[in-house]
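User: Hello! Could you walk me through the pockets in the structure I am about to show you?

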Amino acid sequence: MFTGYLLILLTTSLVYYYSSTGSDAVATDSPLDAWVAKQQVTSFKTIMKNINPPGTSRGFFAASLSTYKPDYFYTWTRDAALVARVISSIPETNLTVLTDYVDFQVSTQMTPTICNCLGEPKFNTDGSGYTGSWGRPQNDGPAERAIAFIAIANRWQLEGHDPTYTTDTLVPAIVKDLDYVASVWQEACFDLWEEIEGVHFYTLMVMRRALLDAADFFDANSDTPFRSDHNYKSTAYQIEKRIESFWSSHQNYITSTQDVRNGVQKPSGLDVSTLLAANLLSSRNDGFFTPGSNKILATAHALEEAFKSIYPLNQQLDAHLGTSIGRYPEDIYDGVGTSVGNPWFIATAAYTELYYLAIKEWKQVGVVIDDINRPFFQRLLGSNASTSFKNSQNLHYYAPGSVELDQLIHRATVTADKYLATIQYHQHRNGSMSEQFDRYIGYMAGARDLTWSHAAFISAAKAKSSHPIF
């Protein structure tokens, strides 16, 4: 099973760069590429070990096998959905793993919970709802689950399996989640980090994708019977208007949360979740807060500048390493308790993925450098930036296929790979990848082999190989 997958990965591990003369892409292989191919196999194996571990109900996706300091031996609706989305795109994933996931999640849709809603965040190993004190509801979960269900439905149909599974099992579950999303999207809930109650950029973005994905799915399958009380496209357009209000022209970045009711204090408003959302929305390919868009790039710049100054690891970096990235500058969760926050593998992988998805976008439409994204490109190009670029307040356009754009893409590729090198440097040499790594000494911290960390790495590696996961 894994041997075949390794061959697939080795075939797609080549990285393409563009020379300064604008010549055609040249394939190169490097030690980093070899590690990326090997680590994808390891990460896939680790994810499989974290699915259906002994003593759990069929379809249980453990966030981590860690049961003490911290205890992550639960399934979070969000984590499970994001992981399911990734592995559903991998041919080596047995369909039974995916249908088991669907069965478990459909059961949780009907499970009595404390919040008595689909926004219940996590469930026990037997599928029962967690009854302890927790941040409820977390309304990104149903949207992410709908995205995963649609991905599974598309694979099921592509492989020519019995269509009644889609119509009888997947469609009712998708409709249930999205009818809930459509009814609660304006309401405050807890964010993906489970720390702040308010209205969140990330949550609205994944809701928008789920609604539009569903609209596309049902349009493409017009003979699929379904009933919904909501117009998904209309709701998605309403959500777009709210999303646009998160941009702060004064700060020149996207703020993560509005209408805060309670939770941790985050004065900066910066959060890597904005970039996670952009990566997830890249499949829409519509320029709306996509990885290559000006406001996302401006936010990526602001976040990186913040983490450069607060993490000792980022001082005097080796030339081959990139910036270690955390969740948000004010973070105090250390993986077990509260002291100081650390870089996360998820967050650092998000930067690699963002760059490669942006590159894909730039190749199609070019790059417009404006007042919003100029700081990002000035940092990326450094001394290579032209005098007119550095001083002009006018728009500067790099056309697809131009020498200028090829040079920019080469710089972006080199930078993207440095984030991967950072992951390689701080993970365990056996391929283990925890939740975090210490901001001072770089050793892994928090839950061991966080399933989401491995899925985030695979997603970033796929973007690097020009086969991003949509």
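**Pockets and their linings**

User: Which two domains each give at least three residues to the lining of the largest pocket?

Analyst: Happy to help! This is a predicted model, where local features need pLDDT of at least 70, side-chain atom pairs count only at pLDDT 80 or more, and totals for chains, interfaces and linings use all residues. Residues are numbered from 1 along each chain as its sequence is written, and side-chain values use heavy atoms, leaving out hydrogens and water. A pocket is an open set of points on a 1 Å grid over the protein atoms alone, where a 1.4 Å probe fits, with protein on both sides within 12 Å along at least five of seven lines, and lining residues have an atom within 4 Å of a point. With bounds from an automatic or database domain assignment, the two are domain 1 (55–245) and domain 2 (246–469).

User: Which residues are closest to the centre of the largest pocket?

Analyst: The largest pocket holds about 560 Å³ of space, a volume being the space filled by probe spheres set on the points, which are joined across faces, edges and corners. Of its 27 lining residues, the closest to the centre are Tyr72, Trp193, Glu194, Arg327 and Tyr333.

User: Which element gives the largest share of the lining of the second largest pocket?

Analyst: That pocket has a volume of about 380 Å³ and 20 lining residues, with Ile150 and Arg209 among those nearest its centre. Helices are DSSP runs (H or I, at least four residues) numbered from the N terminus. Two or more residues come from each of α3 (77–88), α5 (140–158) and α7 (201–220); the largest share, six residues, is from α5.
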